[in-house]
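I opened the model to see how its parts sit against each other. My notes follow in the order I looked things up.

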Amino acid sequence: MDIKTKLISAAESLFDRHGFTATGMDRLTQAAGMSSRTLYKHAGSKHSLIASVLTERDRRFLRRTDVNSVNELFKALEDWVRVEGCRGCLFLRAYGETGGDVPEIAEVMAAHKAGVWSKIQEIIALETNGRGDEQLAEQILILFEGATATAIYRGADAVITARHCAVRLVKQASS
């Protein structure tokens, strides 16, 4: 594993577990097993490191959710919650902890959410024979985001329940 990958992996784990503000650079250097000089050389600033972590997480998330049905999308989210943990959306947490005032973090968060929205719209178009029902896509998005948040205290069962609701909505729209 190269230095940058090792750093991003260690940082993601700490940020996800402890939050962005509570994770200091000393803790990051210790977890990544590198000097602070090496950390700053490869990460730049803490905000740049957060943006890099989110960019890598987005890449993994979008790869996992590369599916063609609402049922598969929610199953992918369920799998994500089981494997990655259920502490809420790391993108929204980063945005919230920085007050939305850090452009590089706000941009990564907005791009991630736009990607999720685009994927849902694509799936809805497929499942409704090209109708592209905007209201249905919005309902599925709300279920998806709500399941992510609810999984914090209800676990993967929240995603399963949201999946059943989403599938039912799509089925009704396709009838």
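I began with salt bridges. The model is a predicted one. My search of the whole structure turned up eleven salt bridges.

I picked out the pair Arg-57 and Glu-12. Their closest N and O atoms are 2.5 Å apart. I then asked which helices hold the two residues. Arg-57 belongs to helix H4 (residues 46-64), and Glu-12 to helix H1 (residues 3-18), so this salt bridge ties together parts that are 45 residues apart in sequence.

I noted a second salt bridge, between the side chains of Arg-93 and Asp-16. Here the N to O distance is 2.9 Å.

**Overall layout**

I stepped back to the whole chain. I counted nine helices and zero strands. Read from the N terminus, the order of elements is α-α-α-α-α-α-α-α-α. For extent, I took the box filled by the C-alpha atoms along the principal axes, which is roughly 60 × 30 × 30 Å.

**Domains**

I looked up the domain assignment next. It gives domain 1 as 1-44 and domain 2 as 53-174. Between their centres, taken over C-alpha atoms, I have 27 Å.

How many residues does each domain bring to the contact? I found nine in domain 1 and ten in domain 2.

The size of an interface is often given as the accessible area lost when the parts come together. For domain 1 and domain 2 the buried area is about 960 Å². Carbon and sulfur atoms give 51% of that area. I then checked which residues of domain 1 lose the most area to domain 2. They are Glu-12, Asp-16 and Phe-20, together giving 67% of what the domain 1 side buries. Glu-12 and Asp-16 were already in my notes, as the salt-bridge partners of Arg-57 and Arg-93. Across this interface the rule finds four salt bridges.

**Helix packing in domain 1**

I turned to pairs of helices. Two packed helices are described by the angle between their axes and the distance between the axes.

I took H2 (residues 25-32) and H3 (residues 36-43) as one pair. Their axes come within 9 Å and cross at roughly 95 degrees. H2 and H3 are therefore roughly perpendicular to each other. On the H2 side I listed Met-25, Leu-28 and Thr-29 in the contact. On the H3 side I listed Ser-36, Leu-39 and Tyr-40. Sorted by class, this contact has four nonpolar, two polar and no charged residues.

I took H1 and H3 as another pair. The axes come within 10 Å, and the crossing is roughly 95 degrees. That makes H1 roughly perpendicular to H3. I recorded Ile-3, Lys-4 and Leu-7 of H1 meeting Thr-38, Leu-39, His-42 and Ala-43 of H3. This contact divides into four nonpolar, two polar and one charged residue. I marked Leu-39, which is listed in the contact with H2 and in the contact with H1.

Terms used:
Residues are numbered from 1 along each chain as its sequence is written. This is a predicted model: local features need pLDDT of at least 70, side-chain atom pairs count only at pLDDT 80 or more; totals for chains, interfaces and linings use all residues. Side-chain values use heavy atoms; hydrogens and water are left out. Axes are lines fitted to C-alpha atoms, for helices over the stretch in contact, and angles run from 0 to 180 degrees between N-to-C directions. Helices (H or I, at least four residues) and strands (E, at least two) are DSSP runs, numbered from the N terminus. Angles under 35 degrees count as roughly parallel, over 145 as roughly antiparallel, 65 to 115 as roughly perpendicular and the rest as oblique. Contact means heavy atoms within 4.5 Å. Ala, Val, Leu, Ile, Met, Phe, Trp, Tyr, Cys and Pro count as nonpolar, Asp, Glu, Lys and Arg as charged, and the others, Gly among them, as polar. Domain bounds come from an automatic or database domain assignment. Buried area is the accessible area (1.4 Å probe) that two parts lose on being put together, summed over both.
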